[in-house]
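Student: I have a new model on my screen and would like to go through it with you. Could we take the descriptive terms one by one and check what stands behind each of them?

Tutor: Gladly. Let's have a look at it together.

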Amino acid sequence: MPLPASLRPLMTAPLLAMTLAACGGGGNDDDAPTDGGSTAQRVSSCGTAGGALRIMPLGDSITEGEVGHNSYRRDLYMSLNGAGCQVNFVGSHAGVNGGSAANGDFDQDNEGHWGWRADQLASGAAGWAASAAPDVVLIHAGTNDLFQGKSAAAAAADVGALIDNVRAGKPDVRILLAKIIPNAVDPGAVAALNAQLDGIAASRGVGVVDQYSGFSTADTYDGTHPNPSGEAKLAARWAQAVLGLRS
């Protein structure tokens, strides 16, 4: 897919750097937390005790986004902080595919990989989780498996392996698994995969976040990737799930 020819950032580079440093972004904050708090403490308080809640957005292009867009991650960051949480997005890279997000006012660290299947994500998941030490991982994966001809059953198995490998890298992590959003390429395959994800999640003690219902291709800019309305819908469902972990 061709990328937009230009990007008009809303912040200058120095201001962006200062903002990301203040909010925990910029790709250099993914060392294990050193404040002595536990994952359980950060999850139950949504980051108001024991240090900021470390959230890893993990997936394919729907997680990463591309130049000219923010992905759902900006709306999610704003929603959680607006709800009184203190969050730190973590991952091995920052920004979006091809550069920086359309807006620079959020923590852009993530583990989104444009075009990757769930089995490819699984191959790196243990290392990413061990390195970034997330408290919560948000998984939206399987779309590219279907695009590349895998059956729904095979894609579901790949998602299961992805979950297992995240846990291998960070055993106490809390994982939230999305039912993937619809697309215009193969809506039947998406429905078939989503029907299997409940079982994959239940067998591993993982929470399911329904990103499928209420989302349509009208919420995308190309039949697959979320436009601003789609980003907002994804963020709202993720935020509800993360806030539901508070106690």
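Student: Is Cys85 buried or exposed, and what makes it count as that?

Tutor: Keep in mind that this is a predicted model. Cys85 has a relative accessibility of 1%. Buried means under 20%, so Cys85 counts as buried.

Student: And how do you know which class Cys46 belongs to?

Tutor: The reasoning is the one we just used. Cys46 has 0% relative accessibility, and with the limit for buried at under 20%, Cys46 counts as buried.

Student: What makes Cys46 and Cys85 a disulfide?

Tutor: Their sulfur atoms are 2.1 Å apart. The cut-off is within 2.5 Å, so the pair qualifies as a disulfide. By this rule the count for the model comes to one disulfide. The angle about the S-S bond is 95°, and the link of Cys46 and Cys85 is right-handed.

Student: Why can one say that this pair ties together parts that are apart in sequence?

Tutor: Look at where the two cysteines sit. Cys46 lies in the loop between α2 (39-45) and β1 (53-59), while Cys85 lies in the loop between α4 and β2 (87-89), so the link ties together parts 39 residues apart in sequence. Cys46 also has a backbone feature to look at: its phi is near 55°, a positive value in a residue other than glycine.

Student: Which other residue other than glycine has a positive phi, and where does it lie?

Tutor: Ser71 has phi near 70°, and its place is the loop between α3 (61-64) and α4. Ser71 has a relative accessible area of 4%, which is under 20%, so Ser71 is buried.

Student: His69 is found in the loop between α3 and α4. How do you know whether His69 is buried or exposed?

Tutor: Its relative accessible area is 18%. The limit is under 20%, so His69 is buried. Leaving aside residues up to four places away in sequence, His69 touches Val96, Ala101, Ala102, Tyr221, Pro226 and Glu231.

Student: Which residues of α4 are buried?

Tutor: In α4 (residues 72-82), they are Tyr72, Arg73, Arg74, Leu76, Tyr77 and Leu80. After this helix comes Gly84, with a positive phi near 95°.

Student: What makes α4 and α9 oblique to each other?

Tutor: Two packed helices are described by the angle between their axes and the distance between the axes. For α4 and helix α9 (residues 228-243), the angle is about 45° and the axes are 8 Å apart. Roughly parallel requires an angle under 35 degrees, and roughly perpendicular runs from 65 to 115. The value for α4 and α9 falls in neither range, so the two are oblique to each other. The crossing of α4 past α9 is right-handed. Among the residues making the contact are Tyr72, Leu76 and Leu80 of α4, and Glu231, Trp238 and Leu243 of α9. By class, the contact of α4 with α9 has eleven nonpolar, one polar and two charged residues.

Student: Why is α5 called roughly parallel to α7?

Tutor: Helix α5 (residues 118-132) and α7 pack at an angle of about 10°, with their axes 7 Å apart. Angles under 35 degrees count as roughly parallel, and that makes α5 roughly parallel to α7. Residues in this contact include Ala122, Ala126 and Ala129 in α5, and Val159, Leu162 and Val166 in α7. The contact of α5 with α7 divides into twelve nonpolar, two polar and two charged residues.

Student: What about α7 and α8, and how do you know how they lie to each other?

Tutor: The axes of α7 (residues 152-169) and α8 (residues 187-202) come within 9 Å and cross at roughly 40°. With the limit for roughly parallel at under 35 degrees and roughly perpendicular starting at 65, α7 and α8 are therefore oblique to each other. α7 passes α8 in a right-handed crossing. Their contact involves eleven nonpolar, two polar and no charged residues.

Student: How many helices and strands does the protein have, and what share of its residues is buried?

Tutor: The protein has nine helices and seven strands. Of its 247 residues, 53% are buried.

Key: Residues are numbered from 1 along each chain as its sequence is written. This is a predicted model: local features need pLDDT of at least 70, side-chain atom pairs count only at pLDDT 80 or more; totals for chains, interfaces and linings use all residues. Side-chain values use heavy atoms; hydrogens and water are left out. Buried means under 20% relative accessible area, exposed over 50%, partly exposed in between (1.4 Å probe, protein chains only). Helices (H or I, at least four residues) and strands (E, at least two) are DSSP runs, numbered from the N terminus. Axes are lines fitted to C-alpha atoms, for helices over the stretch in contact, and angles run from 0 to 180 degrees between N-to-C directions. Angles under 35 degrees count as roughly parallel, over 145 as roughly antiparallel, 65 to 115 as roughly perpendicular and the rest as oblique. A crossing is left-handed if the near helix is turned anticlockwise from the far one by less than a right angle, and right-handed if clockwise. Ala, Val, Leu, Ile, Met, Phe, Trp, Tyr, Cys and Pro count as nonpolar, Asp, Glu, Lys and Arg as charged, and the others, Gly among them, as polar. Contact means heavy atoms within 4.5 Å.
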